[in-house]
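Me: I would like to go through the charged side-chain pairs in this model. Could you take the questions as they come?

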Amino acid sequence: MGPLELHEYTGLDAVGLSELIRAGEVTATEVEAVARVAIAQADADLGALTVPMFDPALDHRSDGPLAGVPFVIKDSGPFAKGVPFTLGSRSIRGAVAGVDHELMSRFRSAGLVALGQTTAPEFGLNFATESVRYGPTRNPWALDWGTGGSSGGSAALVAAGAVPLAHGNDGAGSLRVPASCCGLVGLKPSRGRIPCGPLVGEAGFGHIYEFALTRTIRDTAHLLDAVAAPTVGEKYTAPAQSGRYADTMRVDPGRLRVALTTEPWGGSSVETQVSAATVAAGTILEWIGHTVTETRPHFDAEDVVEASTLTAIATGAAILRAPRRPDPALLEAVSRTVLQETQAFTALDVAAALGAQHRVTRSIGLFFTRFDLLVTPTVAWLPVPHGTLDYDDPRHSVRSWLRRIFEFGPFTAPFNVSGNPAISLPLALSREGLPIGVQLVAATGREDLLLQVAAQLEQAAPWKDRQPSIFVD
């Protein structure tokens, strides 16, 4: 075949690259060399890396199911042994992971070639990736607009063609929001499907989820096969072949009962183009053969805010338990507030937040006894200019900050609270040429159904050939 060209590399997803490597048409070394060029070119425009690329790449299996596929990890974990991290904060200096987190071990076992670490907002508590430490990560579709957060650095590199997939995590929408803003696929798995993050996941009351951003549904399915399994004491080894999700995504799910809403929980307003994209997705689903009804689960938006305080407080508790507490002068304003409110949080406050979580979860659980799927916008607005969601604003309490970011993204956090799987799909572009994501949600444990319907939508309304203005080929 000859040397792998940059335009050939960017035209392939992770599965396509792994197939070329397995067939001997290119070597993993050649793919890595091209990926390094692509990442460097993209990062020069986007500011998506926290440190220079890893040289050499992090160790990985050479015979895993995605062996040789370039990859990047997010600064807020999964931590990799020997790799420094900052959580997007000026206050963290000299911190180095002493061991691999379980999910990092699974990425290595899958054969993924980790080449760099991507930006995140401070402590991951923002729907914008623009920390004071690293500055704004720019959107390859429009450099003055945000990538979403908190997995915005990973999203920017995948959208620009630098890597076919990238790690992210999701505490209230932090995979799906940047997927929507950057025109990608972003799956938040069911609670318990994948080991949670090393910093706050174990203490995060089940609201924080780990996975990745991709450009294709088949990459999402293959990666889920490679890393999804309950955490147990035994050593995990990625399967050599495709498995449940890669196989079942091609299965016809039959005629489904689909609910659709463009009405957010709470007082947010939804931009007209965003609503129209969601309604259009419903029309496509009807054309495919599903029954679509305009309805939604009913719960109090303030219960979502109250339950989501658990994520912020768990983050604060993890920071306060660290061997060295951060210098408040080096923290952004909302982070200082999070630490102050964490210290004042009581067992009664935890009980109240858990009560709110249970009310939301019961309502959503009941809803999915009547419907197979829920379709919503992913976020309420188009991507916003840098600085719109100002995390360094000292006027906010934890709850007022959550309400602020939920104005932009009111549709994602309820399913972090409830534990349902949800996926954002890049189904539309605005008149301004900005991506619009549509979210699909299913009953807990039904990632297979989400992937089946997502594959139908990918075929009916393909997004593969859309490219942002900053694209490395």
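Me: How many salt bridges does the structure hold?
Reply: This predicted model holds 17 salt bridges.

Me: What do the side chains of arginine 250 and aspartate 247 form?
Reply: They meet in a salt bridge, with an N to O distance of 3.3 Å.

Me: Is arginine 250 buried or exposed?
Reply: Arginine 250 is exposed, at 58% relative accessible area. Its partner, aspartate 247, is partly exposed at 37%.

Me: Moving on, which residue pairs with aspartate 372?
Reply: Arginine 257 does; the two side chains form a salt bridge at 3.1 Å, N to O.

Me: Where do aspartate 372 and arginine 257 lie?
Reply: Aspartate 372 is in the loop between α12 (347-367) and β12 (373-377), and arginine 257 is in strand β10 (residues 257-260), so the salt bridge ties together parts 115 residues apart in sequence. Arginine 257 is partly exposed, with a relative accessibility of 37%.

Me: And what about arginine 399, which residue is its salt-bridge partner?
Reply: The partner is glutamate 306, and the closest N and O atoms are 3.0 Å apart. This pair also links distant parts of the chain: arginine 399 belongs to helix α13 (residues 398-408) and glutamate 306 to helix α10 (residues 301-320), 93 residues apart.

Me: Why does glutamate 306 count as buried?
Reply: Its relative accessible area is 19%, and buried means under 20%, so glutamate 306 falls in that class. Arginine 399, at 25%, is partly exposed.

Me: Last topic: which residues do shared salt-bridge partners join into one network?
Reply: Arg244, Arg446 and Asp448 are joined in this way.

Technical notes: Residues numbered from 1 in each chain as written. Predicted model: local features only at pLDDT ≥ 70, side-chain atom pairs only at ≥ 80, totals over all residues. Heavy atoms only, no water. Salt bridge = Lys/Arg side-chain N within 4 Å of Asp/Glu carboxyl O. Buried < 20%, exposed > 50% of the residue type's maximum accessible area, 1.4 Å probe, protein only. Helix = DSSP H or I, 4+ residues; strand = E, 2+ residues; numbered from the N terminus.
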